[in-house]
Amino acid sequence: MKKRLSHVAADGTARMVDVSDKAETAREAIATGRIRMTRAAARIATSGENRKGDPVHTARLAGIMAGKRTAELIPLCHPLRLTHIDVDITPRPDGFDIVASVRTTGPTGVEMEALTAVSIAALTLYDMIKAVDKTMEIGEIRVAEKRGGRSGEYVAAGESSRRPRTR
């Protein structure tokens with residue numbers, strides 16, 4: 001069986017996938033990413049002395065908000081009734097690791113919501129820290145795990161279950 005892109009119609013135009021006939025099942029996705037910065041910037045970001053406020057707390061909230069609005073940002077994503085979003089930001093000497101976990105019960109998965117949450121959390125950290133480090137790099141954003149739906153479970157190579165704690 002030849003694989004094809006689900007968001008491309010036979011005539012080559014973009015289309016939203018019709019999920020009307022798909023069963024509603026429990027679905028979860030975990031995405032990860034990283035923002036690298038100088039050690040000095042990472043120390044400042046966690047010092048509590050940033051005049052814009054707490055970068056980590058702000059980035060966590062921004063990631064949650066972005067995950068909920070994914071369908072408004074990515075043209076062919078379905079609006080979903082999300083049942084859970086968690087964004088966990090862990091400091092490292094050279095920046096932060098970001099993990100987003102998203103759940104729903106519905107006809108389509110939540111990978112895009114998890115990826116969006118990680119991306120916007122990283123961009124928010126960049127925005128809040130850029131005054132002290134313009135060399136920051138955002139990367140390594142990927143789906144680490146996915147559960148539910150017709151394709152079942154997926155765990156990316158090199159990952160073990162990262163199910164973050166529920167807040």
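**Exercise 1. Determine the volume and lining of the largest pocket in this predicted model.**

*Solution.* Step 1: the volume, meaning the space filled by probe spheres set on grid points joined across faces, edges and corners, is about 980 Å³. A pocket is an open set of points on a 1 Å grid over the protein atoms alone, where a 1.4 Å probe fits, with protein on both sides within 12 Å along at least five of seven lines; lining residues have an atom within 4 Å of a point.

Step 2: 33 residues line the largest pocket, and S6, H7, V17, K22 and T108 lie nearest its centre.

Step 3: α4 (111–129) and β4 (137–147) each supply at least two lining residues, with α4 giving the most, three. Helices (H or I, at least four residues) and strands (E, at least two) are DSSP runs, numbered from the N terminus.

Residues are numbered from 1 along each chain as its sequence is written. Local features need pLDDT of at least 70 and side-chain atom pairs pLDDT 80 or more, whereas totals for chains, interfaces and linings use all residues; side-chain values use heavy atoms, without hydrogens and water.

**Exercise 2. Describe the packing of α2 (residues 55–68) against α4.**

*Solution.* Step 1: the helices pack at about 145°, with axes 7 Å apart; axes are lines fitted to C-alpha atoms over the stretch in contact, and angles run from 0 to 180 degrees between N-to-C directions.

Step 2: contact (heavy atoms within 4.5 Å) involves residues including P55, A59 and A66 in α2 and I120, L125 and M128 in α4.
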